[in-house]
Amino acid sequence: MTGTQAEHGEAPLLVSSTDGVRYITFNRPAVHNAQDVTMLEMLDDELTRVARDRSVRAVVLAGAGRSFCAGHDLTQMHVNEEYRRNASTVEGRFDQEMRLFVEPVRKFRELPVPTVCRVQGHCLAAGLMFAGAADFVVADRTARFGSPIVTAIAVNDAEVASFALRVGETWAKRVFWLDERLDADQAHEAGLVTWVVDDQAALDAKVQELVDQLLRAPRETVSLSKQTLLFMADQRGERDVNRFHFMAHQLSHWTKESQDVLQTRMERLAVGRSAIPDSQRRGD
């Protein structure tokens, strides 16, 4: 199922299977597929099912409409009372973000079959986490990769570790500290994107070509090969880096500057304004 086809559904996450390929589509196109609680809970459940389903040979993660994913939905702190209550204490925020933000990405990374991100438009913040965890990323020339979390909401964002491990410190500092955006060619040069194509028609064709190739490979051998590659990454410290970073991320939520920004954000949302001021928003 392509991003265009998925727009017609109503659920925040759409799932379909064709010839051993599981297609999972973020489906909130009106907000560039910003991830709310319902979407993340559905995604976590689906990834658990995929890990247990031996008929699945590959997974394609996509986004409906103009963008792959613009990150977490910052309005959840205003519209979701339970979410806001959980985020009001250290232990509540820790448990909530581990369950909603960290576990789905970990499950996606550790799936026993190859994973593909199909990226167009915004791939920001939480969207970047999934791109950093995928085996392959196919992007069209509208794709933009980045995260405004450090600069806009004063939080050591959860995307830092996985992205930095893929592209290196120099690109990570530019993206997180300076709020730079990587276009598709830059992301390819940096090592995040596997292939760049011209438009969404070519994007679908390349993703189909890729999954066709993956389906010709022996499932169990590929799975064992992936386990070796994951083990190599973890021996180099990836799992430990991710654990440390989550703790640093949690601590950053409770700095005075972060709490001040959160208060301002809540005041803006309460009067119907956007969570991030226009002066800090980017159109690219």
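## Helix H8

Within H8, the residues Ala 161, Ser 162, Phe 163 and Val 167 are buried. Here buried means under 20% relative accessible area, exposed means over 50% and partly exposed is in between, using a 1.4 Å probe and protein chains only. Helices (H or I, at least four residues) and strands (E, at least two) are DSSP runs, numbered from the N terminus. What do these H8 residues pack against? Their partners are H6, H9, strand S8 (182–183), helix H10 (184–190) and helix H13 (238–252). Contact here is heavy atoms within 4.5 Å. Right after H8 comes Gly 168, with a positive phi of about 95°.

A quick word on ground rules: this is a predicted model, in which local features need pLDDT of at least 70 and side-chain atom pairs count only at pLDDT 80 or more, while totals for chains, interfaces and linings use all residues. Residues are numbered from 1 along each chain as its sequence is written, and side-chain values use heavy atoms, with hydrogens and water left out.

## H8 meets H9

H8 (residues 160–167) and H9 (residues 169–177) have axes that come within 8 Å and cross at roughly 140°. Axes are lines fitted to C-alpha atoms, for helices over the stretch in contact, and angles between N-to-C directions run from 0 to 180 degrees. That crossing makes H8 oblique to H9; on this scale, under 35 degrees is roughly parallel, over 145 roughly antiparallel, 65 to 115 roughly perpendicular, and the rest oblique.

On the H8 side, the contact is made by Val 160, Phe 163, Ala 164 and Val 167, and H9 answers with Trp 171, Ala 172, Val 175 and Phe 176. Sorted by class, that contact has 8 nonpolar residues and no polar or charged ones. For the record, Ala, Val, Leu, Ile, Met, Phe, Trp, Tyr, Cys and Pro count as nonpolar, Asp, Glu, Lys and Arg as charged, and the others, Gly among them, as polar.

## The sheet

Now for the strands. There are 6 of them in an open sheet with mixed pairing, and the order is S1-S2-S3-S4-S6-S9. The edges are S1 (13–18) and S9 (195–197), each pairing on one side only. From one strand to the next, the twist averages 20°. Two strands count as paired if DSSP finds at least two bridges between them.

Which way do S2 and S3 pair? They pair in the parallel sense, over 6 bridges, and Arg 22 stands opposite Val 59 in S3. S3 and S4 are also parallel, over 3 bridges, with Leu 61 bridged to Cys 117 in S4. S4 runs parallel to S6 over 4 bridges, and Val 116 faces Phe 136 in S6. S6 (residues 136–140) then joins S9 in parallel through 3 bridges, where Asp 140 stands opposite Val 197.

## Covered strands

How buried is S4? All 5 of its 5 residues are buried, so S4 is largely enclosed by the rest of the structure. Thr 115, Cys 117 and Val 119 are on one side and Val 116 and Arg 118 on the other. S3 is mostly covered too, with 6 of its 6 residues buried. Ala 58, Val 60 and Ala 62 point one way from S3, while Val 59, Leu 61 and Gly 63 point the other way.

Helices lie over these strands. H2 (residues 37–52) lies across S1, S2 (21–26) and S3 (58–63), running at about 170° to S2. H6 (residues 126–133) lies across S2, S3, S4 (115–119) and S6, at about 140° to S4.

## The nonpolar cores

A nonpolar core is a set of buried Ala, Val, Leu, Ile, Met, Phe, Trp, Tyr and Cys residues joined through side-chain atoms within 4.5 Å. In the largest one, of 43 residues, Phe 108 and Phe 145 touch the most other members. H6 gives the most to this core, with 6 residues. Leaving aside neighbours within four places in sequence, Phe 108 contacts Leu 47, Val 59, Leu 61, Thr 115, Cys 117, Phe 130, Ala 133, Ala 134 and Lys 226. Apart from this core lies another, of 12 residues, including Ala 58, Val 138, Val 207 and Leu 210.

## Two single residues

Arg 106 is in helix H5 (residues 90–109) and counts as partly exposed at 33% relative accessibility. Arg 106 and Leu 47 are 59 residues apart in sequence, and their C-alpha atoms are 9.8 Å apart in space.

Ser 258 sits in helix H14 (residues 256–270). Buried or exposed? At 3% relative accessibility, Ser 258 counts as buried. Not counting residues up to four places away in sequence, Ser 258 touches Ile 153, Ala 154, Val 155, Ser 252 and His 253.
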